[in-house]
Amino acid sequence: MEIKVGKYAGFCFGVDRALRMALDTPAGKGQVYTYGEIIHNRQAVEALQRKGIREIGDLTGLDREDCVILRAHGVGPDIHDALSASGVRIQDATCPYVAKIHDLVQKRARAGDFILIVGDPSHPEVEGILGWSGKNAAVLETAQEADFVDIPAKMPISTVAQTTFVPERY
C-alpha cells in the first residue's frame, strides 16, 4: 500500500511557530506555563506537559521567575496587562495573523468604529479579539444574528473574522 501525504498536511505556520516557541523556551529558575491550550491539538499539549510545560487559566500564584507563553489564539489586553504587572517572563506565541487582527480592531475601535467579529463567541481567538475591540463590538456566529446587533446610528462598522472560521459561513 502506498501512502501519500498531502502537500499542506500538518500545522499552519502560526500553530507550528507557537509549538516551536514553547519547545524552545528555557525554564530558567521558574516554571514554564502556557496560558490556556497553546494550540488545539491534544497530543501536542500532552507532549508539552511531558516536558514540564503546564497549562494555566488563572494568573494567581505565579512567581516572578516563571514564564508564561501566550497561546497561538492570542489573548486580550487584560491578560497582557496582568502578566506584565506580575513581572513574569512572557513569550507571545500569538499567530501573526491573529495579532494583525488585534492591531486592526484596536485602531478601528479607537477611530470610533463599531467592531463586528464573525466567529465562534466561545473560541479563545474570538475572546481575545473582542478584548482588543473596545466597548462597541459584537460577535456574530451566523448571518441571522446580525438582525439583533444594536449598532449606534451612523457609526462606521469594521468587520473581521476568526482566522479559522469557514469562509462559506463568513
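Is aspartate 113 buried, partly exposed or exposed, and what is its relative accessibility? In this predicted model, aspartate 113 counts as buried, because its relative accessibility is 5% and the cut-off for a buried residue is under 20%. The side chain of aspartate 113 takes part in a salt bridge with that of arginine 108, with 2.9 Å from N to O. Arginine 108, in contrast to its buried partner, is partly exposed at 32% relative accessibility.

The structure holds 3 salt bridges, counting the pair just described. Side chains of opposite charge can pair when their charged atoms come close. Another of these pairs joins arginine 20 to aspartate 16, and the closest N and O atoms lie 3.0 Å apart. Both residues belong to helix H1, where a separation of 4 residues corresponds to about one turn of the helix. Arginine 20 has a relative accessibility of 45% and therefore counts as partly exposed. Aspartate 16 is also partly exposed, with a relative accessible area of 31%.

The remaining salt bridge links glutamate 37 with arginine 42, and here the closest N and O atoms are 2.6 Å apart. Glutamate 37 is partly exposed, because its relative accessibility of 22% is not under the 20% that defines a buried residue. Arginine 42 is partly exposed too, with 39% relative accessible area.

The nonpolar residues were examined next. In soluble globular proteins, nonpolar side chains tend to be buried together. The largest nonpolar core in the model consists of 15 residues. Within this core, the residues with the most contacts are Ala18, Ile38, Ile39, Leu48, Ile69 and Ala93. At least two core residues come from each of three elements: helix H1 (residues 13-24), helix H2 (42-50) and strand E3 (67-70). Helix H1 makes the greatest contribution, supplying 5 residues. Helix H1 thus appears in both parts of this description, as it also contains arginine 20 and aspartate 16.

The surroundings of one core residue can be given in detail. When residues up to four places away in sequence are left out, alanine 18 touches Ile38, Ile39, Ala72 and Ala93. Of these neighbours, Ile38, Ile39 and Ala93 are, like Ala18 itself, listed among the residues with the most contacts inside the core. Another core lies apart from this one and has 11 residues, including Ile56, Leu62, Leu70 and Ile79.

Key:
Residues are numbered from 1 along each chain as its sequence is written. This is a predicted model: local features need pLDDT of at least 70, side-chain atom pairs count only at pLDDT 80 or more; totals for chains, interfaces and linings use all residues. Side-chain values use heavy atoms; hydrogens and water are left out. A nonpolar core is a set of buried Ala, Val, Leu, Ile, Met, Phe, Trp, Tyr and Cys residues joined through side-chain atoms within 4.5 Å. Buried means under 20% relative accessible area, exposed over 50%, partly exposed in between (1.4 Å probe, protein chains only). Contact means heavy atoms within 4.5 Å. A salt bridge is a side-chain nitrogen of Lys or Arg within 4 Å of a carboxyl oxygen of Asp or Glu.
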